[in-house]
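Reader: I am in my first year and would like a close look at a single part of this model, the disulfide and what lies around it. Could you take me through it slowly, and then show me how the surroundings connect to the rest of the chain?

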Amino acid sequence: MRLWKLIGILVLLLHLGVGEGYTRQIDSCMVLYCDLHPSDSAYSELCVNIDSVRIDTCHGSPTYNESFGKRWFKIEFTNYAINVPYGPHDTVIEVSWTGIDTAYSSLRASFSALQTKYGTLWLKKGAPDITDSTDLTSHIFLLRFDDYVCIDSVLADLKTISGIESRFISYPRIADYVPEVASTYGASLLRVQPNLPNTELRLERVDNQPIRHVRIYDSRGSKVLDKYLNANEQQVLLYIQSLATGMYLVTCDELLSTKIIIQR
């Protein structure tokens, strides 16, 4: 009885938490982030907004200057809370909150409350080809919503949930351009060498996790490299002699991207 009382309190806190009701429909106020100041080269030079993060630009709005998005929030469960069948690395496997094992009743209640507050949500398996419960990579899911939600509000609610680590990610690096989101990240977990690559690029994850998926985008947002890796290695060497001189974004797995300049 005490457990259900605690769960009830948690659900109530989520409903009364930061930014209650922070969902939005697309209207004239909701401007794509990269369209805000297209002449400002400080960020528009390489601002690629594949996941369509939007900003409320109407001064009279209660959510003025807030950032809204549908995806992605990285969720790392402390325990192996969602057991899904094996799939190839490029398989999309999504479950609702009901996919959380019934043994974790508090987690189920928390994600149910999130759905009540923000609308339908989905949890996408980060590495569908890993089903070993002792491998922490198998604990990672990417959270998305059917509706536009206030990113700050969702992050605040996720931080109240015991048994998970969470952060907002988006591809390739829109988080860097959204101040309230960028401040939650800290340093990138992706190390790129050399600083000014020519024909070779070495990537290394500094969190001791293997590299499984690498993408490179050019300054127009076009994907110029998309490579899956089967080896269980924390470092990878890429040959980039076919890429022209210029600026690019390198994205590795679910990590923040890194800007590079190829110079010859």
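Author: The link between Cys29 and Cys58 is left-handed, with -90° about the S-S bond, and in this predicted model the sulfur atoms of the two residues are 1.9 Å apart. A disulfide is a covalent bond between the sulfur atoms of two cysteines. The count in this structure comes to 1 disulfide. Cys29 lies in the loop between β1 and β2, while Cys58 lies in the loop between β3 and β4, so the pair ties together parts that are 29 residues apart in sequence. The two partners can also be described by how much of each is accessible: Cys29 has a relative accessible area of 14% and is buried, whereas Cys58, at 26%, counts as partly exposed. The cut-off needed here is that a residue is buried under 20% relative accessible area. Two further cysteines can be described in the same terms, for Cys150 is buried at 0% relative accessibility, and Cys252 is likewise buried, with a relative accessible area of 0%.

The loop that holds Cys58, between β3 and β4, is also the place of Thr63. Thr63 is buried, with a relative accessible area of 5%, and, leaving aside neighbours within four places in sequence, Thr63 is in contact with Tyr22, Arg24, Asp56 and Phe68.

The strands on either side of these loops belong to an open sheet of 5 strands, whose order is β1-β9-β4-β3-β2 and whose pairing is antiparallel. Its edge strands are β1 (23-24) and β2 (30-32), each of which pairs on one side only. Strand β2 pairs with β3 in the antiparallel sense over 3 bridges, and across this pairing Leu32 stands opposite Arg54 in β3. Helix α4 packs on the sheet, where it touches β4 and β9 (148-150), and the direction of the helix makes about 65° with that of β9.

How enclosed is this helix? Of the 8 residues of α4 (residues 151-158), 6 are buried, so the helix is largely enclosed by the rest of the structure. The buried residues are Ile151, Ser153, Val154, Leu155, Asp157 and Leu158. Leu158 also appears in the largest nonpolar core, which has 28 residues, and there Phe73, Phe77, Phe111 and Leu158 touch the most other members. Helix α4 is one of the elements that each supply at least two residues of this core, and the others are β5 (73-77), α3 (105-118), β7 (121-125), β8 (140-145) and β10 (164-168). From the side of Phe73, not counting residues up to four places away in sequence, the residues touched include Ile151, Val154, Leu155 and Leu158, as well as Phe141, Leu142 and Phe168. A second, separate core has 18 residues, among them Leu190, Leu225, Val250 and Ile260.

A last point concerns confidence in the prediction. The protein chain averages a pLDDT of 79, and 78% of the residues score at least 70. Over residues 9-21 the pLDDT is below 50, and this stretch has 26 contacts in the model beyond near neighbours in sequence. Residues 171-187 also have a pLDDT below 50, with 52 contacts in the model beyond near neighbours in sequence.

Notes. Residues numbered from 1 in each chain as written. Predicted model: local features only at pLDDT ≥ 70, side-chain atom pairs only at ≥ 80, totals over all residues. Heavy atoms only, no water. Buried < 20%, exposed > 50% of the residue type's maximum accessible area, 1.4 Å probe, protein only. Helix = DSSP H or I, 4+ residues; strand = E, 2+ residues; numbered from the N terminus. Core = buried A, V, L, I, M, F, W, Y, C linked by side-chain atoms within 4.5 Å. Contact = heavy atoms within 4.5 Å. pLDDT = per-residue confidence, 0-100. Pairing = 2+ DSSP bridges. Axes fitted to C-alpha atoms, helices over the stretch in contact; angles between N-to-C directions. Disulfide = S-S within 2.5 Å.
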